[in-house]
Amino acid sequence: MKIDIKFKPSFAQATVTLDDGEGIKSESGAMVAKSDNVSIETHKAQKGGLFKSIKSALLGGESFWMNTFTANNGSGEVKLAPTLPGDIAQVDLANQTLFVQSTGFLASTPAIEMDTKFQGLKGFFSGESLFFLKLSGTGPLLLSSFGGIDVMDVDGTFIIDTGHVVAFEDSLNYEVTKFGGWKSFFLGGEGIVAKFKGNGKVWIQTRNVPGLGKWLRSNLPPKR
Amino acid sequence: MVTIEPSAQKIVKKSEENMKYNIIGRPDFASIVVNMQANEKIQAESGAMVSMSPNISIETSARGGVLSSLKRKVFSGESFFQNTFTCENSEGELMLTSPSEGDIVHRKLQNEEIILSRGAYVCGDTELQIDSKWGGFKSFFSGEGLFFLKVSGTGDLFFASFGAVEEIDISGDYIVDTGHIVGFEPSLNYKIEKVGGLKSLFLSGEGLVCRFSGQGKVYIQTRNHNSFARWANTWRRVQKSGS
């Protein structure tokens, strides 16, 4: 599998060249274009039957259905892009586990398993995604961000607005907590933040998805 | 660096002199700055103007007549009225842009044709003919609109994308999501079809795709305005009934 990410950082698109018989699993709706000999199979988001998929869709925010693209009779390509303006980062997992914010998953090798993880009750206050997808295995994974993407090495404790977290390594412990005192929590505009502890990488995005959503909400006429 | 073949020069009237333009802000927020010569004319989509010199006049008309404009408006998503900018007396500067975030592509047509998707056209030479083109029955279901836009003739053409633009030279068969097509050359055959089996049609989130075959260039955009609009729609407030 060869992955070429172009048009960084605002409108990134990944061109994935697959060898004969090789596949890639992607978020639904991510396909831009493909070779004729690349077939598409639509399946549930994770192994383990309908219930786990429903859990993944309802709780993880990621679509219930995913697509696996496979090259047949020779190599072929598929181009993938997320919905929102932003970047794509490739992470090569080596028997590792990464937690990915629900909108941050673009694609991965089919060998990487997907599960959901409860973020904690305090997430309910933030209006932001409550769940992370738990991705484990070996092989390439594509993360997508709203805005630019930055990798930070956390050593000790670091605080990140939950809307800006794309992914983090499972070597980090995290707790979701309110921002500052009660006054800051209600009036500071930050709401809920994630406090990371330990050693590991965190991928952050320079724009906040619910932030854009709230801006649109205040500017669009209501639905009838 | 554009060389004009002698045969082309006979057809060309005013395009003997190339339009002096510069596309700024590429690729994220592209705009076209044209340094217009005296008596030079440019036609543009309504609402495309950002700024202009005071000696540039603007004339708004339903180009090609009311029926043809109505067809363009209803079927191809272009504005009913087009604006024609004319530079009077001396030189002038005109800045034009597209409504979406993304790139703008320039292409000089030499007595040829290009097909653009709904809403991609920004501006061009007044010599260019713009018409709606039937996109095939299935495109009705794709949410892209039934019609493409056919631009033909000789002159400078500018079209815009949502996201970056990638040019793909197709040889053989290639499949593009209908929401990611900006334009393509008419040497290509195209067919709207479903992306896989029936399950994929309804559940893949891809819906309908366009199968191109033959030889030619297709311009794709790296973001899909339909997907983005659907996403934005989920954030809208819901009006309470009875209020």
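## Asking why, in a two-chain model

Student: Which residue stands opposite Glu45(B) in β6(B)?

Tutor: Opposite Glu45(B) in β6(B) you will find Gln82(B). Before we go on, this is a predicted model, in which local features need pLDDT of at least 70 and side-chain atom pairs count only at pLDDT 80 or more, while totals for chains, interfaces and linings use all residues. Residues are numbered from 1 along each chain as its sequence is written, and chains are lettered from A and ligands numbered from 1 in the order in which they are written.

Student: What makes β3 and β6 of chain B a pair?

Tutor: Strands pair if DSSP finds at least two bridges between them. Strand β3 (residues 41-45) and strand β6 (residues 82-87) of chain B are joined by five bridges, so they count as paired. They run antiparallel. Strand β5 (residues 56-61) of chain B also runs antiparallel to β6(B), with six bridges, and there Ile56(B) stands opposite Cys87(B).

Student: What is called a strand or a helix here?

Tutor: Both are DSSP runs, numbered from the N terminus: helices are H or I over at least four residues, strands are E over at least two. Chain B has four helices and 15 strands.

Student: How do you know that β4(A) and strand β12 of chain B pair?

Tutor: Count the bridges again: β4(A) and β12 (residues 165-177) of chain B share three, in the antiparallel sense, so the requirement for pairing is met. One of the residues involved is Ser35(A), whose bridge partner in β12(B) is Tyr174(B).

Student: How many residues does the contact take from each chain?

Tutor: Chain A gives 29 residues and chain B gives 33, where contact means C-beta atoms, placed from the backbone, within 7 Å. On the side of chain A that touches chain B, β4 (31-35), β5 (38-44), β6 (65-71) and α4 (209-219) each supply at least two residues. β4(A) gives the most, with five.

Student: Why is Asn73(A) called exposed?

Tutor: A residue is exposed if 12 or fewer other C-beta atoms (placed from the backbone) lie within 10 Å of its own, buried if 20 or more do, and partly exposed in between. Asn73(A) has 9 such neighbours, so it is exposed. Asn73(A) sits in the loop between β6 and β7 (76-80) of chain A, and its phi is positive, about 50°, although it is not a glycine.

Student: What makes Asn111(B) count as buried or exposed?

Tutor: Asn111(B) has 12 C-beta neighbours inside 10 Å, and 12 still falls under "12 or fewer", so Asn111(B) counts as exposed. Asn111(B) belongs to strand β8 (residues 104-116) of chain B, with a positive phi near 50°. Of the 243 residues of chain B, 38% count as buried.

Student: Where is pLDDT under 50 in chain B?

Tutor: pLDDT is the predictor's confidence in each residue, from 0 to 100. Over residues 1-15 of chain B, pLDDT stays under 50. Where pLDDT is low, the predicted coordinates should not be read in detail. For chain B the mean pLDDT is 83, and 79% of its residues reach 70 or more.

Definitions and conventions:
Two residues are in contact if their C-beta atoms, placed from the backbone, lie within 7 Å.
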